[in-house]
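Here is a friendly walk through a small set of computed features, arranged by topic. Have the sequence and the 3D view at hand as you read.

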Amino acid sequence: MNDPYLYPHTDILKNLADIRDRETLSCMEAEYTSYTASGTCDRRIRQPF
């Protein structure tokens, strides 16, 4: 059975970075999580609407 959420012939979820290697994907996810958790990525809306 083909899972539409996985890359063909792998068990890796499709992702925006199109990374199909498990180790590379793991490193990218760790870096992104660290960046987001550090507060460097501030996405608050600063103006009232």
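## Asp18 and its surroundings

Let us start with Asp18, which sits in the segment before H1. Please keep in mind that this is a predicted model. Is Asp18 buried, exposed or partly exposed? With a relative accessibility of 43%, Asp18 falls in the partly exposed class, because that class runs between the 20% limit for buried and the 50% limit for exposed.

The backbone of Asp18 deserves a look as well: its phi is positive, about 55°, although Asp18 is not a glycine. For context, most residues other than glycine have a negative phi. Along the chain, Asp18 and Tyr7 are 11 residues apart, and their C-alpha atoms are separated by 9.3 Å.

## Two salt bridges

How many salt bridges does the count come to? The answer is two. As a reminder, side chains of opposite charge can pair when their charged atoms come close.

One of them involves Asp18 again, this time with Arg20 as the partner, and the closest N and O atoms are 3.3 Å apart. The side chains of Asp18 and Arg20 are also listed as joined by a polar contact of 3.3 Å. Arg20 is partly exposed, because its relative accessibility of 47% lies between the 20% and 50% limits.

Asp11 and Arg22 also meet through their side chains in a salt bridge, with an N to O distance of 2.4 Å. This pair links distant parts of the chain, since Asp11 belongs to the segment before H1 while Arg22 belongs to helix H1, 11 residues apart. Asp11 is exposed, because its relative accessible area of 54% is over the 50% limit.

## The segment before H1: Tyr5, His9 and Asn15

Several other residues in this segment are worth selecting in your viewer. Tyr5 is found in the segment before H1, and at 61% relative accessibility Tyr5 counts as exposed. Which residues does Tyr5 contact once its neighbours within four places in sequence are left aside? They are Ile12, Leu13 and Lys14. The C-alpha atoms of Tyr5 and Asn15 are separated by 9.0 Å, with the two residues 10 apart along the chain.

Asn15 is placed in the segment before H1 too. Is Asn15 buried or exposed? Asn15 is buried, because its relative accessible area of 18% is under the 20% limit. The Asn15 side chain reaches the backbone oxygen of Leu13 at 3.2 Å. With its neighbours within four places in sequence set aside, Asn15 is in contact with Tyr7 and Leu25.

His9 is found in the segment before H1 and counts as exposed, because its relative accessibility of 86% is over 50%. His9 has a positive phi of about 65° although it is not a glycine.

## Helix H1 and what follows

What does the secondary structure of the chain come to? It comes to one helix and zero strands. Helix H1 covers residues 22-37, and Tyr35 is found in it. The geometry of H1 can be checked from its length: at 1.5 Å a residue, its 16 residues should span 22 Å, and the end C-alpha atoms are 22 Å apart, so the two values agree. After H1 comes Gly39, with a positive phi near 90°.

## Surface and burial

Which residues make the nonpolar surface patch of about 290 Å²? They are Met28, Tyr32 and Tyr35. Tyr35 counts as partly exposed at 41% relative accessibility, and patch residues need over 30%, so Tyr35 passes that requirement.

For the chain as a whole, the exposed area is about 4800 Å². Carbon and sulfur atoms supply 56% of that area. The chain has 49 residues, and 12% of them count as buried; Asn15, met above, is one of the buried residues.

Terms used: Residues are numbered from 1 along each chain as its sequence is written. This is a predicted model: local features need pLDDT of at least 70, side-chain atom pairs count only at pLDDT 80 or more; totals for chains, interfaces and linings use all residues. Side-chain values use heavy atoms; hydrogens and water are left out. Patches are made of residues with over 30% relative accessible area and no salt bridge: like charges are joined within 9 Å, nonpolar side chains (Val, Leu, Ile, Met, Phe, Trp, Tyr) within 5 Å. Accessible areas come from the Shrake-Rupley method with a 1.4 Å probe; for residues, only the protein chains shown count as cover. A salt bridge is a side-chain nitrogen of Lys or Arg within 4 Å of a carboxyl oxygen of Asp or Glu. Helices (H or I, at least four residues) and strands (E, at least two) are DSSP runs, numbered from the N terminus. Buried means under 20% relative accessible area, exposed over 50%, partly exposed in between (1.4 Å probe, protein chains only). A polar contact is a pair of N or O atoms within 3.5 Å; within protein, one must be able to donate a hydrogen and the other to accept it, and residues adjacent in sequence count only if both atoms are side-chain atoms. The expected span of a helix is 1.5 Å times one less than its number of residues. Contact means heavy atoms within 4.5 Å.
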